[in-house]
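This report describes the fold, the core and selected side-chain pairs of one protein chain. The sequence and the model are shown first.

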Amino acid sequence: MSEMDDTAGRMRALARRIEVLEQLVMRAVCLAVAGLLIAGCLVPFGYGTEAGEPVAPSVLTMPVHMLAAAGEPGGDTDELTFVVTATIGFAGLLLVVLAILGTLLVFARRDGGDGTLKLARILRALALIGTAAVLIFTLMYVGDREAVDGPGWGGVVLLVGVVAYSMLLSEPWRGLWHRPLTPVRQPPRATRSASAQPRDDSASSTGR
């Protein structure tokens, strides 16, 4: 085996090792981001009491909590509208987080295309809007008021998870999972005509 072949073999082995290392890093990062997002949905964003019972709402339990509040008699129209809107918003945020977890699986396989990137950017925008709403709800539990025991960390953890997810959509992290579609380039028209010219000349000379 020549020295050039030996060098080429070492370069291929090094490239394989780098590929495996990048895959392990990507899987670990995706797992960490998924853990932050799930924890952000499970950890309460506030603590208080209602009807003498302690409550600790989270993104996961808030739709059920709001639906229970909507079923209570004596509520006015404005309050019912707020409850329905909040229920839809929190349920939508849960669906967005589930979709983000699905894209993280694609990232971990390092097989995301242009469509995955567009979808991930849309989900990031929706997640940021939903996280802002959770933080606004968290402010309702700030202060020394009756039936309020204090804010929780759910909104903050969810925000960290969304920011970490946004990091995966930027360079250089995007290069670890994004496989853009490269269009096939057609040769210039002048080149094709020039390459076809010798064949025409040879055909004419044969005819003579």
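The text below goes from the overall architecture to the core, the salt bridges and a few individual residues.

## Overall architecture

The structure is a predicted model. Its chain has 208 residues, of which 31% are buried. Six helices and three strands make up the secondary structure. Read from the N terminus, the order of elements is α-β-β-α-α-α-β-α-α.

Among contacts in the chain with a separation of 6 or more, 73% are between residues 24 or more positions apart. The accessible surface of the chain is about 13,400 Å², and carbon and sulfur atoms account for 66% of that area.

## The nonpolar core

In soluble globular proteins, nonpolar side chains tend to be buried together. The largest nonpolar core in this model has 39 residues, and the members that touch the most other members are L37, L104, F107 and L168. Five helices each supply at least two residues of this core: α1 (3-42), α2 (62-70), α3 (77-109), α4 (114-139) and α5 (154-168). The most is given by α3, with twelve residues.

What does L37 touch, leaving aside neighbours within four places in sequence? The contacts of L37 are V97, I100, L101, L104, L158, G161 and V162. One of these, L104, is also among the four core members that touch the most others.

## Salt bridges

Side chains of opposite charge can pair when their charged atoms come close. The model contains three salt bridges, listed here with the distance for each pair.

| Salt bridge | N to O distance |
|---|---|
| E19 and R110 | 3.1 Å |
| E22 and R110 | 3.0 Å |
| R174 and E171 | 3.3 Å |

In the pair of E19 and R110, distant parts of the chain are linked: E19 belongs to helix α1, R110 lies in the loop between α3 and α4, and 91 residues separate them. The salt bridge between E22 and R110 has a similar layout. E22 is in helix α1 and R110 in the loop between α3 and α4, so this pair ties together parts that are 88 residues apart in sequence.

Is R110 buried or exposed? With a relative accessibility of 8%, R110 counts as buried, because the cut-off for buried is under 20%. Both glutamates are classed otherwise: E19 is partly exposed at 39% relative accessible area, and E22 is partly exposed at 27%. Through shared partners, the salt bridges join E19, E22 and R110 into one network.

## R174

Where is R174 placed in the chain? R174 sits in the loop between α5 and α6 (189-207). Its salt bridge is with E171, where the closest N and O atoms are 3.3 Å apart. R174 has a relative accessibility of 19% and therefore counts as buried, since buried means under 20%. Not counting residues up to four places away in sequence, R174 touches L117, R121, L168 and L169. Of these contacts, L168 is one of the core residues that touch the most other members.

## Cysteines

How many disulfides does a search of the whole structure find? The search finds zero. Two cysteines can be described by their accessibility: C30 is buried, at 3% relative accessible area, and C41 is buried as well, at 6%.

## A nonpolar surface patch

M11, L14 and I18 form a nonpolar patch on the surface, and their accessible area together is about 280 Å². I18 belongs to helix α1. With a relative accessible area of 42%, I18 is partly exposed.

## Y47 in strand β1

Y47 is part of strand β1, which covers residues 46-50. The relative accessible area of Y47 is 34%, so the residue is partly exposed. Which residues does Y47 touch, not counting those up to four places away in sequence? The contacts are V55, A56, Y141, V148, D149, G150, P151 and G152. Between Y47 and G152 the C-alpha to C-alpha distance is 6.6 Å, while the two residues are 105 residues apart in sequence.

Conventions: Residues numbered from 1 in each chain as written. Predicted model: local features only at pLDDT ≥ 70, side-chain atom pairs only at ≥ 80, totals over all residues. Heavy atoms only, no water. Core = buried A, V, L, I, M, F, W, Y, C linked by side-chain atoms within 4.5 Å. Buried < 20%, exposed > 50% of the residue type's maximum accessible area, 1.4 Å probe, protein only. Helix = DSSP H or I, 4+ residues; strand = E, 2+ residues; numbered from the N terminus. Contact = heavy atoms within 4.5 Å. Areas by Shrake-Rupley, 256 points an atom, 1.4 Å probe, with all protein chains shown as cover. Patch = residues over 30% accessible without salt bridge, like charges linked within 9 Å, V, L, I, M, F, W, Y side chains within 5 Å. Salt bridge = Lys/Arg side-chain N within 4 Å of Asp/Glu carboxyl O. Disulfide = S-S within 2.5 Å.
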